[in-house]
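Here are a few friendly notes to read alongside the structure. Take the points one by one and find each residue as you go.

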Amino acid sequence: MAQSLSFLLALSLLAFVPLCFCDKTLGGYLYPQFYDHSCPRATEIVKSVVSKAVAREARMAASLLRLHFHDCFVQGCDASILLDSSKNIITEKRSVPNQNSARGFEVIDEIKSAVEKECPNTSGGPNWEVPLGRRDSKGASLSGSNNNIPAPNNTFQTILTKFKRQKLNIVDLVALSGSHTIGDARCTSFRQRLYNHPTKFDNSYFKNLLAYKGLLNSDEILVTKSQVTKQLVQQYAENTELFFEQFAKSMVKMGNISPLTGSRGEIRKRCRKINSINQTA
């Protein structure tokens, strides 16, 4: 059974939104009810903004998923990808994986503005039982963005190594690759070959892989370079519910990569600039 786009947004944005929307963290750890008292309407606000953004452009769901992925694989999930270049910061937006590719920043800005209006000096990123309370980094890493994010032309072993560095395993690799069931590739010559602008989050990605219709090399190698990943692809192609269950677990796991909590990092007033710059602007 295919899931609607609205379900995907609940998974993607609500997992990503905690970045740049953090309040004080009690005890320096994350937990799902973090904003229940400080900003109880945070979840509602996030869903509303995201729903409107996807209604305007269905592709935005995939773009926001990708932002979350690209942020977490560089310095952990700390919203460093949102920072623009400044005197002391070279933005990660200029890296090879992100330049002319990463998008959806204006949706994050819109959410930040709406949540700040509702709950000044705090912002909430609710979830699907994703532990909350992340704080924002005070810097970015262009080299980390260039080197840590898996690339479409990487070998299977290179991609697996990059996942393992983030304490993600081979099951997480296959499950998270399933997010490719939606969205567009950058090369326009590929777009109509396989995905045809899908707007439903389902397991068709895995079915296509078994038919050797993977769009990118990083897709195809899941069925050509490892028996373990091929077996997982087969399982997810046959069982949508199993894929959804593991995808959710892997998203939560990825969202917990090296979060800044307690007194580390800061709570940005504007997602694209660290506070010291905001105060002098």
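**Notes on two disulfides and a helix**

1. Both Cys39 and Cys119 are buried. Please keep in mind that you are looking at a predicted model. A disulfide joins these two residues, Cys39 and Cys119, with 2.1 Å from S to S. In general, such a link is a covalent bond between the sulfur atoms of two cysteines.

2. What does this pair tie together? Cys39 sits in the loop between α1 (5-16) and α2 (42-56), while Cys119 sits in the loop between α4 (105-118) and α5 (142-148), so the disulfide connects parts that are 80 residues apart in sequence.

3. Which hand does the Cys39 and Cys119 disulfide have? The torsion about its S-S bond is about 85°, so the disulfide is right-handed.

4. How many disulfides does a search of the whole structure find? It finds two. The other one joins Cys72 to Cys77, with an S to S distance of 2.0 Å. Cys72 and Cys77 are both buried. Here the torsion about the S-S bond is about 115°, so this disulfide is right-handed.

5. Now look at helix α3, where Cys72 is one of the buried residues. Others among them are Met60, Leu64, His68 and Asp71. Twelve of the 13 residues of α3 are buried, so the rest of the structure largely encloses this helix.

6. Finally, a check on length. Helix α3 covers residues 60-72, and at 1.5 Å a residue its 13 residues should span 18 Å; the end C-alpha atoms are 19 Å apart, which agrees.

Note on methods
Residues numbered from 1 in each chain as written. Predicted model: local features only at pLDDT ≥ 70, side-chain atom pairs only at ≥ 80, totals over all residues. Heavy atoms only, no water. Helix = DSSP H or I, 4+ residues; strand = E, 2+ residues; numbered from the N terminus. Expected span 1.5 Å × (residues − 1). Buried < 20%, exposed > 50% of the residue type's maximum accessible area, 1.4 Å probe, protein only. Disulfide = S-S within 2.5 Å.
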